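Have the model open while you read. The tour goes from one chain to a contact between chains, and ends in the core.

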Amino acid sequence: MKIFSTDHKTIAKQYLSLGLFWAIVGGLLTHLMRWQLAYPDTEVPGWGFIAPDFYNMVVTMHGTIMVFFVAMPILLAAFGNFLIPLMIGAQDMAFPRLNRLSFWVFALASAVLLASFFVPGGAASAGWTGYPPLSAKAEYTGVNWGLNLWLLALALEFVSFLMGGINFLTTTINLRAPGMTFFRLPLIVWMQITAAVLFMLSVGPLIAGAVMLLMDRVVGTTFYLPEGGGQPLLWQHLFWFFGHPEVYVILLPGLGIVLEIMPVFSRKPIFGYRPIIYSTIAAGMLSFIVWAHHQFLSGMDPRLAMPFSITTIVISVPFALIVFAMIATLWRASISFPTPMLFAIGTLSIFIIGGLTGIFNGSAPVDIYIHDTYFVVAHFHYTLFSATFFAGFAGLYYWFPKMFGHMMNEILGKIHFWLTFIFFNAVFIPMHFVGLGGMMRRIANPMQYDFLQPLQPINVFITVAAIFLLLSQIPFVINFLWSLFRGRVAERNPRQANTLEWTALSPPLHDNFERVPVVYRSPYEYSSPESPEDWLPQDQPPAVAQS
Amino acid sequence: MSSWFPENVSTFGGDIDSLFYLILYITGAWFLLTQGLILVFLIKYRRREGQRAAYIPGNSLKQAAWILIPGLIVVFLDLWIDLRGAEVWARIKGHVPPGDLQVQVTAKQFNWEIIYPGPDGRLGTVDDLQMDNELHVPAGKVVRVVLKSKDVIHSFFLPNLRLKQDAVPGREIVAWFEATKPGKYEIPCAELCGFGHSGMNGWLFVHTAEEYQKWVKERWPEK
Amino acid sequence: MSRSESLTMTGIPTGKVGMWWFLASEIPVFGGLIASYVVVRLGSGGWSDASSHLNFSLALANTFVLLTSSLTMVLAFAAVEDRKPKRLQLNLLLTLLLGLTFLMIKGFEYAGEIGHGFTPGAGIFWSFYYGMTGLHALHVLGGIVVNLILLVAALRGTLKPNEHRVELAGLYWHFVDIVWIFLFPLLYLA
Amino acid sequence: MTSDAHRPNYFVVWLWLVGLVFISIGASVFLSKGAAILLIFLVALVKAVLVLLNYMHLKFERPLLYALVIVPLLIVAVLVFALFPDFVFHH
């Protein structure tokens, strides 16, 4: 595996490894937060006391790392880079060198973010949303270079994913194999390019906003400082204009993975291939006009709240259609339950809860009470965690044979699923009630408030469950590392799936396919009347009519 | 059922709670329907030897109806929630009723500076009185709060009054509430505002009419 | 035909699809900045007299410099089509020099304005002025570097298989010119 | 590659661009405030379209590339209109 390779598969594995590294760091930060919330101002085992500003830094970096340095690299860059060329029958991405550059710019962004922990004043502590004026003046948080490096790391990460997005879109538009029309693309490819378009067209204003914030902090401009004629609300608009499409950029590939896995283990076509695509496009377009539901109470003009409340609740419709399509896929199917399918169903089940709690946040009056409380935290963990961890694990278990050439252990996989599923719900269902009780986000010590005292036992329960959730990842780590070298050797198509990546070797050759595949049908022709088998690969020539 | 929420002592709090329960019932129904269907399908259609799955691509309109119709139901329920929500929002945030008492609350890193207009009823006059973190109001009266901030964004949060409104530096935002039950309620800050965000807390004292008059007399004795 | 030139399902060369996607993602960057400028300006007064302190004549000269550099850039691409390496090298050089002239004039303008005390912190107009023209100048610098690489390759004759890159560099350069077409009236005329 | 027949006269386009600059300067000097601003930004739009169609050869490209220009502009327009109530009309 050449370090500076331009092979999309190697680059995918590099993104995956960096994403998993950051997932560990993000997870350990969770441990610090949860311990401080359950047992305020006691020594965290293995760390020590947590001061309030340090707690703010941990909250900020947990959010930043999980969204930008775990979810994006794993779901978009790792799965996208590995799967798109293989699934459309291409030899590599359209711009291999640009692809390599995108990883190394992301590695630089990671280095800058890591460095921001060790500069004087510590890392950024103004929340992963970094609202000015708190983030615009060093003395408000006591963090100077930490926040500057945080902004620089984000800017580099945006540049890296812009390059990646250009690669994904150009490859899918131009490098499809003969016969691979747009409506024969596997759904995960549809989801990846929709996510790439959302990212490309929404990140611009935030890059402008970040330039302005960096200038406020370093050059002395007053974009967001009212005393200099600036507007603090401007950042919130620019940030969330990007922020909401961003959460769909993370969600769509996760849904795409589930949509790939379900038909394979149900031996049944995905239900409503075209309705799902139209829903995805509709959700993508709607995602550009929902952002201000983050700002109902931010001092924004109250008249704006209703249009955004309506678009927010309406955007639940396309996702409801996708969920119904997934459920309809299971109807009259022939379902088997290897680990990828367990995680896929787990993703669907948990995403349903996340989607439903979104309706509460989308309704402006209810948001008056639950905004900036732990109800919101529980909501976005049900949506982001389901897409990143459950769908991410589903994808890892499913494509591990193709990526690394070995099979993963099923028993360890199932243990890992059930532990993660149970403890995930044990952590985040009670969090809804802590939120309804009024507990505000980003507070280091709930005991400072009388009205939060009765909620403290729930906080302790959540912390204990979170520790078990962290520990239940051990079976995965063992399984992942052991199978890399000692797992059963995988053949070309262990899952008997139709999509093109399963026609290549495991792991594929440098140029993926021995000969350029020709595509004859949709990727979901399972249990098709045309074939005695219950699967029909995309590149299998149609059976010549018996004479 | 309202054990999840802190005690509601606000006139418009009931509307917010009832809207919450409306959404809870709708989403609860969807939750049971979808998770139930998944469980049933997983058990009923698990893989059995010799039994093939049905070939239902779901692209034709007739087949797709199975997901489009539930989709339509979601649309109508969404509209119902939106209409109910629009009306409640207009009443709470849409316009501010004429207040019987107006105070100015200036948020700053890490407490609430509350300025009372005094007997002349106008802010910015000599008889104004400033108290930190203590808001004294009469029950059953509309209180208008003029929110300002000296440094960063804070959020004026009264859980028991179901009221939350960010205080943005450089802007004056008016919020209002009418407390129905005397008592002592907390005013935490709900927006990250620096290392003192955790613990930034004020107190709302809702007095009966007599207690309030007594309190006023103690503060402005020369009358 | 280079690799990225040949592979195309839609008839548009891959390089051009990639470049247009890049420009599509750049439009919201400057769009977001200009939108913020317009909105904040309409919300507060006193901006036109602040902008009267700007050095109008230098900015006017810069506008002509950039427009002309767009002309020489597109003539360079025409030279590629007509297979005239000498004309290509001349026009690439002219575009490069005009780009550098633009940055020099911008530098003088900044020095003059800062000399008169109009630093980035002098007010909200100046924040946006330095933010917008600074980000634009960085993009001009990026374009100069790209054109320099192409010029060196053209002089050493190694540009042969990838001559379409001159068109791609041209697309980017014209985009940067269009941004200035909007920045000039926004800052200097309004 | 675009053949000779399809190549616009780049020099004439350049003359138009330079001419339009003088028009917008004239507008800012002679016309009233409102009219001047309207004319200036119309001129800027015309210049941008001139560069797009002629110098960037959009005139000879397929509709996909038109979409790549128009969609981001629509998105920026959405952002501008949504920011109006908060920053332009705020009391």
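**From chain D to the core**

In this predicted model, the centres of domain 1 and domain 2 of chain D, taken over C-alpha atoms, are 22 Å apart. Domain 1 covers residues 1-60 of chain D, and domain 2 covers 62-91.

What is chain D built from? It has three helices and zero strands. Along the sequence the pattern reads α-α-α. Its radius of gyration is 17 Å, while the globule rule gives 12 Å for 91 residues; chain D is well over that value, so it is more spread out than a compact globule. The extents of the C-alpha trace can be set beside this: about 60 × 35 × 10 Å along the principal axes of chain D. Burial can be added to the picture. Of the 91 residues in chain D, 27% count as buried.

Now turn to chains A and B. How many residues does each chain bring to their contact? Chain A gives 83 residues and chain B gives 74. On the side of chain B that touches chain A, the elements giving two or more residues are helix 1 (13-44), helix 2, strand 6 (154-158), strand 7 (163-167) and strand 9 (183-188). Helix 2 of chain B supplies the largest share of that side, with 17 residues.

Follow helix 2 of chain B, residues 61-94, to helix 10 of chain A, residues 316-330. A packed pair of helices is described by the distance between the axes and the angle between them. Here the axes come within 9 Å and cross at roughly 145°. The crossing of helix 10 of chain A past helix 2 of chain B is right-handed. Which residues meet there? From helix 10 of chain A come Ser316(A), Val317(A), Ala320(A), Leu321(A), Phe324(A), Ala325(A) and Ala328(A). They meet Trp66(B), Ile67(B), Pro70(B), Gly71(B), Val74(B), Val75(B) and Asp78(B) in helix 2 of chain B.

Stay with Ala325(A). Leaving aside neighbours within four places in sequence, its contacts in chain B are Gly58(B) and Ile67(B). In chain A, Ala325(A) is in contact with Ile270(A), Phe271(A), Gly272(A), Pro275(A) and Ile276(A).

Ala325(A) also leads into the largest nonpolar core, which has 349 residues. Together with Val258(A), Ile261(A) and Ala394(A), Ala325(A) is among the residues with the most contacts inside this core. Which element gives the core its largest share? Helix 2 of chain A, residues 52-88, does so with 25 residues.

Conventions. Residues numbered from 1 in each chain as written. Chains lettered and ligands numbered in written order. Predicted model: local features only at pLDDT ≥ 70, side-chain atom pairs only at ≥ 80, totals over all residues. Core = buried A, V, L, I, M, F, W, Y, C linked by C-beta atoms within 7 Å. Buried ≥ 20, exposed ≤ 12 C-beta atoms within 10 Å, placed from the backbone. Helix = DSSP H or I, 4+ residues; strand = E, 2+ residues; numbered from the N terminus. Contact = placed C-beta atoms within 7 Å. Domains from an automatic or database assignment. Rg over C-alpha atoms; globule rule 2.2 N^0.38 Å. Axes fitted to C-alpha atoms, helices over the stretch in contact; angles between N-to-C directions. Left-handed = near helix turned anticlockwise from the far one by under 90°.
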